[in-house]
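Here are my comments on the structure you asked me to look over, set out as numbered points. Please read them with the structure open beside you.

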Amino acid sequence: MSKKKRIRRLAAALAAAAGAVIVASASAHTTTATVTIRHQTHGCHTWALSSGPYKPALSVQLARGATLTVKNNDVMPHKLVRTSGPAVEILKAKMGRVGATSRVHFTRAGVYKFKTKAGEDYVWASHMKTTGEDNVLRLTVTVR
Ligand SMILES: [Cu+2]
């Protein structure tokens with residue numbers, strides 16, 4: 001095999017492996033997921049699923065029995081609230097300090113919708129200015 005061909009094959013194998021990783025993370029067999037809230041100048045806050053992009057609205061696919069952790073790294077408190085879907089307990093819904101976490105354990109299949117209610121900036125962060133309307137963080141969790 002020529003060197004060029006070998007490199008091309010290697011590139012194809014790497015691309016296939018990368019594709020497999022993406023498929024695995026999106027599968028319904030995911031049993032834990034972490035969503036992190038961050039502060040940002042435009043829109044005040046966004047959140048991201050593991051190392052994914054930060055956005056105001058997220059969707060997550062989980063397997064039955066999975067646990068979702070929400071971590072608040074914003075400069076203000078957030079309360080996690082369910083807006084629709086099956087009844088489910090939210091442990092420590094009020095995340096009132098940097099690094100506070102809230103947990104939801106899903107035992108039933110269904111489509112759950114959540115949002116957060118943001119509070120006032122912590123005193124030490126009250127000088128921070130943001131631009132645009134504050135985002136309302138929304139999350140759709142599909143449990144199969
Ligand atoms: Cu914020």
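1. Where along the chain is V98 found, and between which strands? This is a predicted model, and in it V98 belongs to the loop that runs between strand 7 (94–95) and strand 8 (100–105). V98 is partly exposed, with a relative accessible area of 44%, and together with W124 and M128 this residue makes a nonpolar surface patch of about 300 Å².

2. As to the overall make-up, the protein has 1 helix and 10 strands, and the order of elements from the N terminus is α-β-β-β-β-β-β-β-β-β-β, with the helix ahead of the strands. Of the 144 residues in the protein, 31% are buried. The protein exposes about 8800 Å², and 57% of that area is supplied by carbon and sulfur atoms. If one takes the contacts between residues at least 6 apart in sequence, 70% of them join residues at least 24 apart.

3. The copper site deserves a careful look. Which protein atoms act as donors of the copper ion? They are the SG atom of C44, the ND1 atom of H45 and an OD atom of D74, and they lie 2.0 to 2.5 Å from the ion. Along the chain these donors follow the spacing C-H-x28-D. Two of the donor residues can be described further: C44 has a relative accessible area of 2% and H45 one of 1%, so C44 counts as buried and H45 likewise counts as buried, the cut-off for that label being under 20%.

4. One sheet is open and consists of 5 strands in the order 2-1-4-8-6, with mixed pairing. Its edge strands are strand 2 (44–49) and strand 6 (90–91), each of which pairs on one side only. At the strand 6 edge, strand 6 and strand 8 pair in the antiparallel sense over 2 bridges, and the bridge partner of L91 in strand 8 is R103. For orientation when viewing such pairs, strands of a sheet pair through backbone hydrogen bonds, either parallel or antiparallel.

5. Strand 10 has pairings of both senses. How do strand 3 and strand 10 run, parallel or antiparallel? Strand 3 (residues 57–62) runs parallel to strand 10 (residues 138–143), and 6 bridges join them; within this pairing, A57 stands opposite R138 in strand 10. Strand 9 (residues 110–118), by contrast, runs antiparallel to strand 10 and is joined to it by 6 bridges, with V141 in strand 10 as the bridge partner of Y112.

6. Two backbone angles should be checked by eye. Which loop holds S50? S50 lies in the loop between strand 2 and strand 3, and S50 has a positive phi of about 40° although it is not a glycine. K92, in the loop between strand 6 and strand 7, also is not a glycine and has a positive phi of about 50°. As for their surroundings, S50 has a relative accessible area of 54% and K92 stands at 67% relative accessibility; because exposed means over 50%, S50 counts as exposed, and K92 does too.

Note on methods: Residues numbered from 1 in each chain as written. Predicted model: local features only at pLDDT ≥ 70, side-chain atom pairs only at ≥ 80, totals over all residues. Heavy atoms only, no water. Donors = N, O, S within 2.8 Å, 3.2 Å for Na, K, Ca; no water. Buried < 20%, exposed > 50% of the residue type's maximum accessible area, 1.4 Å probe, protein only. Patch = residues over 30% accessible without salt bridge, like charges linked within 9 Å, V, L, I, M, F, W, Y side chains within 5 Å. Areas by Shrake-Rupley, 256 points an atom, 1.4 Å probe, with all protein chains shown as cover. Salt bridge = Lys/Arg side-chain N within 4 Å of Asp/Glu carboxyl O. Helix = DSSP H or I, 4+ residues; strand = E, 2+ residues; numbered from the N terminus. Pairing = 2+ DSSP bridges. Contact = heavy atoms within 4.5 Å.
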